[in-house]
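Visitor: I'm new here, so could you walk me through this one? Let's look at it together and I'll ask as we go.

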Amino acid sequence: MFRLWGKIWKDNHLLQDITIVDAAEDKNRTKKVFDALEEVCYAFDLSKPIWLDKNIKEFQRHDKTQFGKDSFVEQISFDCLEIQVIEEDW
């Protein structure tokens with residue numbers, strides 16, 4: 001099972017969070033991450049963020065990254081959207 005935790009932060013306070021579960025065995029890890037991120041954005045009514053080089057490197061190293069205002073086309077009313085893989089099958 002694959003689980004991704006999405007969180008919205010403002011001034012070091014957690015405003016919203018959601019956990020997305022994907023039990024599909026026919027998807028690779030990348031597809032699960034992108035699908036889960038899309039679900040997080042839909043739940044929070046956000047456009048999908050742009051993956052910058054720093055996000056890719058952070059996510060590859062730590063299974064976690066933060067999307068700030070530079071990653072969104074529209075203005076955001078929070079500091080960052082953080083995603084983190086909290087469980088996955090190998």
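Visitor: How many disulfides does a search of the whole structure find?

Guide: First, a word on the source: this is a predicted model, where local features need pLDDT of at least 70 and side-chain atom pairs count only at pLDDT 80 or more, while totals for chains, interfaces and linings use all residues. Residues are numbered from 1 along each chain as its sequence is written, and side-chain values use heavy atoms, with hydrogens and water left out. A disulfide here is a pair of cysteine sulfur atoms within 2.5 Å. Searching the whole structure turns up this many disulfides: zero.

Visitor: Why is the sulfur of Cys 41 in no bond with the closest cysteine sulfur?

Guide: A disulfide is a covalent bond between the sulfur atoms of two cysteines. For Cys 41, the closest cysteine sulfur belongs to Cys 80, and that is too far for a bond because the gap is 13 Å.

Visitor: Is Cys 80 buried or exposed?

Guide: Buried means under 20% relative accessible area, exposed over 50%, and partly exposed in between, using a 1.4 Å probe and protein chains only. Cys 80 has a relative accessible area of 10%, so the word for Cys 80 is buried.

Visitor: Which residue is the bridge partner of Cys 80?

Guide: Helices (H or I, at least four residues) and strands (E, at least two) are DSSP runs, numbered from the N terminus. Two strands pair if DSSP finds at least two bridges between them, and strand 1 and strand 4 pair in the antiparallel sense over seven bridges. Cys 80 sits in strand 4, and its bridge partner is Trp 9.

Visitor: In what order do the four strands form the open sheet?

Guide: The pairing is antiparallel throughout this open sheet of four strands. At the edges are strand 2 and strand 3, each pairing on one side only. Read across, the order is 2-1-4-3.

Visitor: What angle does the direction of helix 2 make with that of strand 3?

Guide: Helix 2 packs on the sheet and touches strand 3 and strand 4; contact means heavy atoms within 4.5 Å. Axes are lines fitted to C-alpha atoms, for helices over the stretch in contact, and angles run from 0 to 180 degrees between N-to-C directions. For helix 2 and strand 3, that gives about 155°.

Visitor: How far does helix 1 reach from its first C-alpha to its last?

Guide: Helix 1 covers residues 29-44, which is 16 residues. The expected span is 1.5 Å times one less than the number of residues, and here that comes to 22 Å. The helix itself is close to that, reaching 23 Å.

Visitor: How far apart in space are Leu 81 and Phe 44, C-alpha to C-alpha?

Guide: Phe 44 is one of the buried residues of helix 1, while Leu 81 has its place in strand 4. Leu 81 is buried too, with a relative accessible area of 0%, and its contacts include Leu 37, Val 40 and Phe 44. Leu 81 and Phe 44 are 37 residues apart in sequence, but their distance in space is 9.9 Å.

Visitor: Which residue's side chain does a polar contact join to that of Glu 88?

Guide: Glu 88 lies in the segment after strand 4 and counts as buried at 17% relative accessibility. A polar contact is a pair of N or O atoms within 3.5 Å; within protein, one must be able to donate a hydrogen and the other to accept it, and residues adjacent in sequence count only if both atoms are side-chain atoms. At 2.8 Å, the side-chain partner of Glu 88 is Arg 29.

Technical notes. Lists of a residue's contacts leave out its neighbours within four places in sequence.
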